[in-house]
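Grab your viewer and work through the exercises below. Try each one yourself before you read the solution.

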Amino acid sequence: MPDFAYVALQHADQIARFALDPRSGDLEPLSPVKVGGGPAPMVVDPSQRVLYVARRGANIISSFRIDPRTGDLDSIGEVPLPTDPCYLGIDRKGRFLLSAYYEGRGIAIHPIGENGAVTDPPVERRETARGAHCFQTDPS
(Lines give C-alpha, C1' and ligand atoms only; values in the text may rest on other atoms or scores of the structure.)
Protein backbone atom coordinates (compact mmCIF):
# COMPACT_ATOMS: atom_id res chain seq x y z
CA MET A 1 0.00 0.00 0.00
CA PRO A 2 1.43 3.42 -0.90
CA ASP A 3 1.91 6.38 1.35
CA PHE A 4 0.50 9.70 0.19
CA ALA A 5 1.98 13.18 -0.18
CA TYR A 6 -0.03 16.40 -0.34
CA VAL A 7 1.16 19.75 -1.71
CA ALA A 8 -0.76 23.01 -1.26
CA LEU A 9 -1.08 25.02 -4.46
CA GLN A 10 -2.32 28.26 -2.92
CA HIS A 11 -2.78 30.30 -6.11
CA ALA A 12 -4.43 27.41 -7.98
CA ASP A 13 -6.90 26.69 -5.12
CA GLN A 14 -5.85 23.04 -5.14
CA ILE A 15 -4.09 20.37 -3.16
CA ALA A 16 -1.90 18.22 -5.39
CA ARG A 17 -1.89 14.55 -4.36
CA PHE A 18 0.76 11.91 -4.94
CA ALA A 19 1.09 8.21 -4.17
CA LEU A 20 4.53 7.70 -2.63
CA ASP A 21 6.22 4.32 -3.08
CA PRO A 22 7.72 3.63 0.37
CA ARG A 23 10.56 1.52 -1.08
CA SER A 24 11.72 3.61 -4.02
CA GLY A 25 10.49 7.08 -3.03
CA ASP A 26 8.86 7.47 -6.45
CA LEU A 27 5.86 9.79 -6.66
CA GLU A 28 2.84 9.00 -8.82
CA PRO A 29 0.56 11.99 -9.47
CA LEU A 30 -3.08 11.53 -8.48
CA SER A 31 -5.98 13.82 -9.30
CA PRO A 32 -5.79 17.15 -7.42
CA VAL A 33 -8.44 18.26 -4.93
CA LYS A 34 -10.11 21.65 -5.43
CA VAL A 35 -9.90 23.69 -2.21
CA GLY A 36 -11.05 27.28 -2.60
CA GLY A 37 -9.64 30.14 -0.60
CA GLY A 38 -5.92 29.61 -1.08
CA PRO A 39 -4.84 26.42 0.71
CA ALA A 40 -1.43 26.96 2.27
CA PRO A 41 -0.11 25.57 5.60
CA MET A 42 -1.11 21.96 6.15
CA VAL A 43 -0.53 19.31 8.79
CA VAL A 44 -1.51 15.65 9.17
CA ASP A 45 -2.60 14.32 12.56
CA PRO A 46 -0.39 11.72 14.31
CA SER A 47 -2.71 8.85 13.28
CA GLN A 48 -2.39 9.96 9.61
CA ARG A 49 -6.18 9.93 9.26
CA VAL A 50 -6.90 13.67 9.01
CA LEU A 51 -5.33 16.50 7.01
CA TYR A 52 -5.79 20.06 8.30
CA VAL A 53 -5.52 22.90 5.78
CA ALA A 54 -5.39 26.65 6.40
CA ARG A 55 -7.25 28.40 3.61
CA ARG A 56 -5.45 31.73 3.85
CA GLY A 57 -7.59 33.70 1.41
CA ALA A 58 -10.77 32.56 3.14
CA ASN A 59 -9.54 32.71 6.77
CA ILE A 60 -10.68 29.13 7.42
CA ILE A 61 -9.12 25.93 8.73
CA SER A 62 -10.57 22.87 6.98
CA SER A 63 -10.41 19.27 8.19
CA PHE A 64 -10.26 16.41 5.66
CA ARG A 65 -10.49 12.69 6.42
CA ILE A 66 -7.81 10.78 4.47
CA ASP A 67 -8.86 7.53 2.80
CA PRO A 68 -5.99 5.16 3.72
CA ARG A 69 -6.39 3.09 0.52
CA THR A 70 -6.67 5.86 -2.07
CA GLY A 71 -5.43 9.07 -0.42
CA ASP A 72 -8.75 10.74 -1.28
CA LEU A 73 -9.77 13.67 0.93
CA ASP A 74 -13.29 14.06 2.34
CA SER A 75 -14.26 17.30 4.07
CA ILE A 76 -15.38 16.75 7.67
CA GLY A 77 -15.50 20.33 8.91
CA GLU A 78 -14.15 23.84 8.97
CA VAL A 79 -13.80 26.71 11.40
CA PRO A 80 -13.61 30.45 10.70
CA LEU A 81 -10.55 32.49 11.69
CA PRO A 82 -10.04 36.20 12.39
CA THR A 83 -7.03 36.28 10.03
CA ASP A 84 -4.89 33.94 7.93
CA PRO A 85 -2.37 31.61 9.63
CA CYS A 86 1.13 31.00 8.34
CA TYR A 87 1.62 27.80 10.38
CA LEU A 88 -0.38 24.78 11.54
CA GLY A 89 0.81 22.08 13.92
CA ILE A 90 -0.64 19.41 16.18
CA ASP A 91 0.25 18.38 19.69
CA ARG A 92 1.84 14.93 20.06
CA LYS A 93 -1.40 13.27 21.19
CA GLY A 94 -3.45 14.71 18.34
CA ARG A 95 -5.92 16.52 20.59
CA PHE A 96 -5.17 20.15 19.65
CA LEU A 97 -4.42 22.08 16.48
CA LEU A 98 -1.85 24.87 16.88
CA SER A 99 -1.89 27.92 14.60
CA ALA A 100 0.41 30.94 14.31
CA TYR A 101 -0.43 34.28 12.68
CA TYR A 102 2.55 36.27 11.38
CA GLU A 103 0.69 39.46 10.39
CA GLY A 104 -2.22 38.66 12.71
CA ARG A 105 0.13 38.88 15.70
CA GLY A 106 -0.90 35.84 17.64
CA ILE A 107 -1.25 32.13 18.22
CA ALA A 108 -4.25 29.92 18.88
CA ILE A 109 -5.04 26.41 20.09
CA HIS A 110 -8.18 24.75 18.73
CA PRO A 111 -9.53 21.47 20.12
CA ILE A 112 -9.91 18.50 17.78
CA GLY A 113 -13.28 16.75 18.06
CA GLU A 114 -14.03 13.04 18.34
CA ASN A 115 -14.51 12.79 14.57
CA GLY A 116 -11.08 14.37 13.94
CA ALA A 117 -12.38 17.76 12.81
CA VAL A 118 -10.96 20.94 14.32
CA THR A 119 -13.57 22.76 16.42
CA ASP A 120 -14.30 26.33 17.43
CA PRO A 121 -13.84 28.37 19.56
CA PRO A 122 -10.16 27.97 20.38
CA VAL A 123 -9.34 26.98 23.94
CA GLU A 124 -6.58 29.59 23.94
CA ARG A 125 -5.70 32.62 21.86
CA ARG A 126 -2.66 34.78 22.70
CA GLU A 127 -1.55 38.05 21.22
CA THR A 128 2.12 38.25 20.21
CA ALA A 129 4.35 40.76 18.50
CA ARG A 130 4.24 40.79 14.70
CA GLY A 131 6.01 37.77 13.27
CA ALA A 132 4.65 34.76 15.17
CA HIS A 133 5.64 32.03 12.78
CA CYS A 134 5.51 28.70 14.63
CA PHE A 135 5.11 27.12 18.04
CA GLN A 136 5.24 23.55 19.29
CA THR A 137 4.53 21.50 22.37
CA ASP A 138 7.15 19.65 24.40
CA PRO A 139 6.86 16.09 25.76
CA SER A 140 5.79 17.28 29.23
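Quick heads-up: this is a predicted model.

**Exercise 1. Find out how many disulfides the structure holds, and why.**

Step 1. Start from C134 and look for the closest cysteine sulfur: that sulfur sits in C86, 8.4 Å away.

Step 2. Compare that with the cut-off, which asks for two cysteine sulfur atoms within 2.5 Å. At 8.4 Å, the sulfurs of C86 and C134 are too far apart for a bond.

Step 3. So the count of disulfides comes out at zero.

Step 4. While you're there, check the surroundings of both residues. C86 is buried at 19% relative accessible area, while C134 is partly exposed at 41%.

**Exercise 2. Describe where S62 sits and what its side chain touches.**

Step 1. Place the residue: S62 belongs to strand β6, which covers residues 60–66.

Step 2. Check accessibility. Buried means under 20% relative accessible area, and S62 comes in at 2%, so it counts as buried.

Step 3. List the contacts, skipping neighbours within four places in sequence. S62 then touches L51, Y52, V53, R55, G77 and E78.

Step 4. Look for a polar partner: the side chain of S62 makes a polar contact with that of R55, at 2.9 Å.

**Exercise 3. Work out which parts of the chain the salt bridge between E78 and R55 ties together.**

Step 1. Get the distance: the closest N and O atoms of E78 and R55 are 2.9 Å apart.

Step 2. Place both ends. E78 is in strand β7 (residues 73–80) and R55 in strand β5 (residues 50–55), so this salt bridge links parts 23 residues apart in sequence.

Step 3. Add the accessibility of each partner. E78 is partly exposed at 46%, whereas R55 is buried at 15%.

Step 4. Tie this back to Exercise 2: R55 also has the polar contact with the side chain of S62, and both R55 and E78 appear among the contacts of S62.

**Exercise 4. Say how many salt bridges there are, and go through two others, R69 with D67 and E103 with R130.**

Step 1. The total is six salt bridges.

Step 2. Take R69 and D67, whose closest N and O atoms are 3.6 Å apart. R69 is exposed at 59%, but D67 is buried at 19%.

Step 3. Now take E103 and R130, where the closest N and O atoms are 2.7 Å apart. E103 is in the loop between β9 (96–101) and β10, and R130 is in the segment after β11, so the pair bridges parts 27 residues apart in sequence.

Step 4. Check how exposed these two are: E103 is partly exposed at 48%, and R130 is partly exposed at 46%.

**Exercise 5. Map the sheet that contains β8, β9, β10 and β11, and explain which strands stand at its edges.**

Step 1. Write down the order: four strands, β8-β9-β10-β11, make an open sheet with antiparallel pairing.

Step 2. Find the edges. β8 (87–90) and β11 (124–127) each have a single partner strand, so one side of each has no neighbour in the sheet.

Step 3. Read off the twist, which averages 15° from one strand to the next.

Step 4. Zoom in on one pairing: β10 (residues 106–111) is joined to β11 by four bridges, with the two strands antiparallel. There, I107 stands opposite R126 in β11.

Conventions: Residues numbered from 1 in each chain as written. Predicted model: local features only at pLDDT ≥ 70, side-chain atom pairs only at ≥ 80, totals over all residues. Heavy atoms only, no water. Buried < 20%, exposed > 50% of the residue type's maximum accessible area, 1.4 Å probe, protein only. Polar contact = N/O pair within 3.5 Å; in protein donor to acceptor, adjacent residues only side chain to side chain. Contact = heavy atoms within 4.5 Å. Pairing = 2+ DSSP bridges. Axes fitted to C-alpha atoms, helices over the stretch in contact; angles between N-to-C directions. Salt bridge = Lys/Arg side-chain N within 4 Å of Asp/Glu carboxyl O.
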